[in-house]
Amino acid sequence: MTAQPEITQRDLRNKSKEIMDAVQAGQSFTVTRDGHQIGELVPLRRRRRFVSRREFAAMSRSAPDIALDAFRADQDATADQYLDSPYDR
């Protein structure tokens, strides 16, 4: 894993357009002040809004099998088993 380039607070202020363009293109930076690392500037992950039927089918074929009995047992163990109002307790 390669280290992120460091930029100073002053560079961030003075070269903000160039730095923001690089972040938009996927580059990450470590911001420093007085020689100390104070933060990271990283691009946001973009959420995909649409997955095609073909892509969903391909992902489903490679998904791990689920043991339904174990899944149900896990659900029962973590779910609140009380059917009455929680305010009555």
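**Thr 32**

I started with Thr 32 and asked whether it is buried or exposed. Thr 32 is buried, with a relative accessible area of 8%. I am working from a predicted model, so I read each value as computed. Thr 32 has its place in strand β2. Next I listed its contacts, leaving aside neighbours within four places in sequence. Thr 32 is in contact with Glu 6, Ile 7, Thr 8 and Gln 9, and also with Gln 37 and Ile 38.

**Strand β2**

I then looked at the whole strand. How many residues of β2 are buried? Four of its five are, which leaves β2 mostly covered.

I checked the pairing on each side. Strand β1, residues 6-8, runs parallel to β2, and three bridges join them. Ile 7 has Val 31 as its bridge partner in β2. With strand β3, residues 36-41, the sense is antiparallel, and I noted five bridges to β2. Across that pairing, Val 31 stands opposite Gly 39. Thr 30 stands opposite Glu 40 in β3.

I followed the chain from β2 into β3. The two strands form a hairpin, with two residues between them. Asp 34 sits in the turn and has a positive phi of about 55°.

**Nonpolar core**

Which residues make up the largest nonpolar core? I found six in all: Ile 7, Ile 19, Val 23, Phe 29, Val 31 and Leu 41. Helix α2 and strand β2 each supply at least two residues of this core. As background, nonpolar side chains tend to be buried together in soluble globular proteins.

I picked Ile 19 for a closer look. I did not count residues up to four places away in sequence. Ile 19 touches Ile 7, Phe 29 and Leu 41, and it also touches Asp 11 and Leu 12. Ile 7 thus comes up again: it belongs to this core, and it bridges to Val 31.

**Salt bridge in α2**

I searched for salt bridges and the count came to one. Which residue does Lys 17 pair with? Its partner is Asp 21, and the closest N and O atoms are 2.7 Å apart. Both residues lie in helix α2, residues 16-24. They are four residues apart, about one turn of the helix. Side chains of opposite charge can pair when their charged atoms come close.

I also checked how covered the two partners are. Lys 17 is exposed, because its relative accessible area is 57% and the cut-off is over 50%. Asp 21 is partly exposed, at 38%.

**Whole chain**

I finished with the overall layout. The protein chain has four helices and three strands. From the N terminus on, I read the order as β-α-α-β-β-α-α.

How much of the chain counts as buried? I noted 10% of the 89 residues. The chain exposes about 8700 Å², and carbon and sulfur atoms supply 52% of that area.

Last, I looked at contacts with a separation of 6 or more. Residues 24 or more positions apart account for 27% of these contacts in the protein chain.

Notes: Residues are numbered from 1 along each chain as its sequence is written. This is a predicted model: local features need pLDDT of at least 70, side-chain atom pairs count only at pLDDT 80 or more; totals for chains, interfaces and linings use all residues. Side-chain values use heavy atoms; hydrogens and water are left out. A salt bridge is a side-chain nitrogen of Lys or Arg within 4 Å of a carboxyl oxygen of Asp or Glu. Buried means under 20% relative accessible area, exposed over 50%, partly exposed in between (1.4 Å probe, protein chains only). A nonpolar core is a set of buried Ala, Val, Leu, Ile, Met, Phe, Trp, Tyr and Cys residues joined through side-chain atoms within 4.5 Å. Contact means heavy atoms within 4.5 Å. Accessible areas come from the Shrake-Rupley method with a 1.4 Å probe; for residues, only the protein chains shown count as cover. Two strands pair if DSSP finds at least two bridges between them.
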